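Welcome! Here are some short exercises to work through with the model open beside you. Try each task before reading its solution.

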Amino acid sequence: MRALATWSGALAGLMMILVGGLIPAALLLPGLDLQPHVLTLPSTWQVPALLLCALVCGPRAGVIAAVAYLTIGLVDLPVFHGGGGLNYVLTPGFGYLAGFVPAAWLSGRLAQQPGMNDVMSLTIAAIAGLIMLQLCGVLNLLIGSVLYQWPDRIPELLFSYTFGPLPAQLVLCAGVGVLALPLRNLLFVE
């Protein structure tokens, strides 16, 4: 029964990641005139979908979903931001995609710890996964920079891939924590 839950969670997570990559993130904020205003964020729901899968379904399902997503993209289906295929491994953004696997494992593992039954704890677990993902991406940027792989300088790459999207992704981690709690309660996740 546990295997069925893992595989169904992984399939749901994969679908969320694929669809989340297509949906731009935005916040609905009240304005001074009390009318709602939409603030678009420089991110999509892709990373939050991965983290939500890991928090709700566990580290195994999150890792399976991440590996399946990477496999789909590397076999030349254009699911990544810049397309797909094996050549994508040689782009600056691939380190962030490779970081999906350890990020899913870390967030899912933290969510399995005792006392993870409140929004703040789940948000912190999501942030830990996001930090892991960012560290993998930055490591890839640094290695590629040392090997003269990238045409852009490292500060430009860090801003484009890390510091630019990071604040929006941190905000979305709070949303992941808010969504994960009722889903975990609904699915009787301990």
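## Exercise 1: Aromatic pairs

In this predicted model, a search of the whole structure turns up 4 aromatic pairs.

**Task.** Which kind of pair do the rings of Tyr69 and Phe80 form?

**Solution.**
- Step 1: the ring centres lie 5.4 Å apart, and centres within 6.5 Å count as a pair.
- Step 2: the planes meet at 70°, and over 60 degrees counts as edge-to-face.
- Step 3: the pair is therefore edge-to-face.
- Step 4: now place the partners. Tyr69 sits in helix H3 (residues 59-74), while Phe80 is in the loop between H3 and helix H4 (94-98), so the pair links distant parts of the chain, 11 residues apart.

## Exercise 2: Growing the cluster

**Task.** Is Phe80 buried or exposed, and which cluster do ring pairs build?

**Solution.**
- Step 1: Phe80 has a relative accessible area of 4%. Buried means under 20%, so Phe80 is buried.
- Step 2: Phe80 also pairs with Tyr88, at 4.8 Å centre to centre and 45° between the planes, a tilted arrangement.
- Step 3: Tyr88, at 11% relative accessible area, is buried.
- Step 4: ring pairs link Tyr69, Phe80, Tyr88 and Phe100 into a cluster.

## Exercise 3: The nonpolar core

**Task.** Which helix gives the most to the largest nonpolar core?

**Solution.**
- Step 1: this core has 38 residues, and those touching the most other members include Tyr69, Phe100 and Leu122.
- Step 2: H2 gives the most, with 9 residues.
- Step 3: look around Leu122. Beyond its neighbours within four places in sequence, its contacts include Leu55, Ala111 and Leu181.

Note on methods: Residues are numbered from 1 along each chain as its sequence is written. This is a predicted model: local features need pLDDT of at least 70, side-chain atom pairs count only at pLDDT 80 or more; totals for chains, interfaces and linings use all residues. Side-chain values use heavy atoms; hydrogens and water are left out. Rings of Phe, Tyr and Trp (its six-membered ring) pair if their centres lie within 6.5 Å; planes under 30 degrees apart count as stacked, over 60 as edge-to-face and the rest as tilted. Helices (H or I, at least four residues) and strands (E, at least two) are DSSP runs, numbered from the N terminus. Buried means under 20% relative accessible area, exposed over 50%, partly exposed in between (1.4 Å probe, protein chains only). A nonpolar core is a set of buried Ala, Val, Leu, Ile, Met, Phe, Trp, Tyr and Cys residues joined through side-chain atoms within 4.5 Å. Contact means heavy atoms within 4.5 Å.
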